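This report introduces a single protein chain to a reader who has not met it before. Please look over the sequence and the model first, and then follow the sections below.

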Amino acid sequence: MRSSLRGAGAVASATALVVVVAGSWFGYRQLVQPACSGQVQLTVAASPEVAPAVRAEAAGWVADGAAVGGTCITVDVSAVDSVHVAAAVASKHGVQLPGVGQVSGTAVTPDVWVPDSSTWLLRLKNAGATAFAPSNGGSIARSPVVVAVPEPVASSRLGWPEKKLTWSDLLRQVSSSKPLRTGIVEPTRDAAGLSGLLSLTATASASGGDAQEATTGTLRALATGRSALRQDLLARFPRSSDPAAIAGGLGAATLSEEAVMAYNEGKPPIPLAALYLEPSPVPLDYPYAVLPGVEPAKQSAARVLFGALTTPGFRDRLAERSLRAPDGGWGEGFKALRGAPSPGGGAGVTPTPAGNGAGGLDPAAIERVVSSWSIATQSGRMLCVIDVSGSMKQPVPSANNATREQVTVAAASRGLNLFDDSWSIGLWTFSTRLVGARDYRELVPINPLSGNRARLEQGLTTIRPSNGDTGLYDTLLAAYQEVQNDWEPGRVNSVVLFTDGKNEDDDGISQQKLLSELKRIADPERPVQVVIIGIGADVSKAELESITKVTGGGNFVTEDPTRIGDIFLKAIALRPNAPR
């Protein structure tokens with residue numbers, strides 16, 4: 001990160017700045033008043049690499065002694081990693097983002113947020129933060145996402161700089177018999193990592209053959225070289241020109257153009273080449289987001305600040321920080337990397353849409369990739385419980401009249417392929433009176449996938465709807481107890497239950513009895529997360545919520561059974577980290 005390469009002091013300082021709030025940046029100088037009283041403070045949290053430029057531009061306001069309407073406006077610009085602000089915003093709106101983790105106890109949300117990428121805004125909105133509606137959102141800077149490769153490796157293995165390279169070229173290197181050593185910063189916490197993952201998995205899924213197998217293989221290959229922090233990943237690039245060091249070091253990683261330029265400015269023994277692959281990945285676009293709930297005076301201040309950040313002078317300040325202007329061009333002093341697209345167009349300037357083919361970002365594609373990554377890179381212990389009541393025979397018109405059961409089993413089968421062998425998974429079905437008076441049947445006990453995968457695959461193929469009703473309460477209590485009995489430390493122990501109805505078992509326990517039993521046996525030292533996926537209009541969301549409020553976990557309800565696959569991924573990915 002630039003904060004570590006150009007001095008922590010530059011990003012840690014926050015300057016009180018006085019500004020005029022007027023209709024536009026160009027008009028405010030004419031509206032300056034000789035004095036002001038009172039004070040409204042505007043807080044701005046910006047990604048560390050762009051924060052110094054924002055702070056420097058705002059410093060000009062102090063010299064002008066700006067004010068409006070007799071009120072002083074102070075602006076506090078802080079350099080904060082986007083993931084930390086995202087965690088704070090998510091917590092404020094009562095949602096979770098996969099892989100982001102819990103917010104720091106001292107973290108607060110700013111008035112204006114300048115994350116490094118609009119993907120953060122989309123992820124928050126897609127997570128269910130319905131009240132999260134920031135205004136403005138215009139970009140103030142840009143940095144293309146590139147694949148960083150040590151120059152000797154780039155020239156010997158990839159034909160750089162003469163050869164024009166694509167993501168397909170990189171995918172072949174990753175999956176070859178002598179694979180290129182790849183790395184990635186956790187894409188759930190790093191926008192450049194997410195951008196590269198979107199491009200690489202899209203290429204894998206379009207490569208022909210078994211698309212899911214290719215995508216899963218790509219995820220696992222990248223997962224072996226992941227780093228939690230960008231500094232840690234950069235430290236894995238070769239630090240010596242010795243051939244053994246080059247061969248043993250990191251061979252490729254997705255980073256921003258700015259990060260590669262900052263790394264090379266440190267004069268490392270082996271500089272990094274920046275590969276601008278086609279199709280161009282989603283760039284870092286630094287949106288200027290005024291967060292909801294900001295009072296009118298601050299909104300006016302924010303509008304003036306945004307105007308200041310769109311001037312030619314600010315473009316030059318960005319160039320000093322190795323950042324481009326929003327249109328992909330650059331200001332005076334920008335030292336372009338070899339092979340960098342020139343201002344006005346070219347690779348790395350206009351992003352390829354993330355899966356929707358119509359311009360812009362596709363929130364569903366982002367959520368799918370983030371969820372798949374989270375599942376492929378975590379480990380847990382899970383009991384999968386599938387409803388086989390008579391209503392699961394109902395056909396789904398949008399799935400070529402396949403039954404609800406068939407759609408559900410297909411989603412579970414696809415999801416199973418994402419879990420690696422470190423997972424332990426079991427399989428039950430339930431209805432009413434499946435085994436004598438018992439409502440559930442064990443098809444496969446919970447065991448590691450290393451020796452259990454074939455049994456699970458076979459078990460899924462045997463699932464058929466019964467003529468019974470929905471014995472939800474008895475089944476859920478028994479499943480909870482089953483997972484709790486052989487609870488494993490250091491992992492997420494969970495029940496994932498699919499159902500298309502509410503409890504219809506007249507001979508079983510009541511809702512009140514279920515909840516009281518769950519409260520009685522719950523052990524904070526041995527937590528069991530319950531995830532319930534409701535399918536169709538007959539599901540009682542209130543019933544499901546009453547259960548997950550006691551157990552932890554979550555419930556997801558859809559009237560469209562064809563969405564089960566994506567919901568399943570989202571449900572698993574949103575689970576909290578395993579207890580320590």
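Is Ser-510 buried, partly exposed or exposed?

## Ser-510 and its surroundings

In this predicted model, Ser-510 has a relative accessible area of 39%, and because buried means under 20% and exposed means over 50%, Ser-510 counts as partly exposed. The residue belongs to the loop that runs between strand S17 (492-499) and helix H20 (511-521).

Although Ser-510 and Tyr-473 are 37 residues apart along the chain, their C-alpha atoms are separated by 7.2 Å. Tyr-473 appears again below, as one of the residues of H19 that make the contact with H21.

## The chain as a whole

The chain holds 22 helices and 19 strands, and of its 580 residues, 54% count as buried. When the contacts with a separation of 6 or more are considered, 79% of them are accounted for by residues 24 or more positions apart.

## Helices H19 and H21

Helix H19, which covers residues 472-485, packs with helix H21, which covers residues 541-551, at an angle of about 20°, and their axes are 13 Å apart. Since angles under 35 degrees count as roughly parallel, H19 and H21 are therefore roughly parallel to each other. Their crossing is right-handed.

On the side of H19, the contact is made by Leu-472, Tyr-473, Leu-476 and Tyr-480, while H21 contributes Glu-543, Leu-544, Ile-547 and Thr-551. Sorted by class, the residues in this contact of H19 with H21 are six nonpolar, one polar and one charged.

## Nonpolar cores

The largest nonpolar core is made up of 67 residues, and within it Phe-419 and Phe-498 are those with the most contacts. If neighbours within four places in sequence are left aside, Phe-419 is in contact with Arg-220, Ile-375, Met-382, Ile-425, Leu-449, Arg-453, Phe-568 and Ile-572.

A second core, separate from the largest one, has 49 residues, among them Val-77, Tyr-288, Val-294 and Leu-318.

## Thr-403 in strand S14

Thr-403 is placed in strand S14, which consists of residues 402-403. Not counting residues up to four places away in sequence, Thr-403 touches Met-392, Lys-393, Gln-394, Pro-395 and Val-396. For one of these pairs, Thr-403 and Met-392, the separation in sequence is eleven residues, and the distance in space is 6.6 Å from C-alpha to C-alpha.

Conventions. Residues numbered from 1 in each chain as written. Predicted model: local features only at pLDDT ≥ 70, side-chain atom pairs only at ≥ 80, totals over all residues. Heavy atoms only, no water. Axes fitted to C-alpha atoms, helices over the stretch in contact; angles between N-to-C directions. Helix = DSSP H or I, 4+ residues; strand = E, 2+ residues; numbered from the N terminus. Parallel < 35°, antiparallel > 145°, perpendicular 65-115°, else oblique. Left-handed = near helix turned anticlockwise from the far one by under 90°. Contact = heavy atoms within 4.5 Å. Nonpolar A, V, L, I, M, F, W, Y, C, P; charged D, E, K, R; others polar. Core = buried A, V, L, I, M, F, W, Y, C linked by side-chain atoms within 4.5 Å. Buried < 20%, exposed > 50% of the residue type's maximum accessible area, 1.4 Å probe, protein only.
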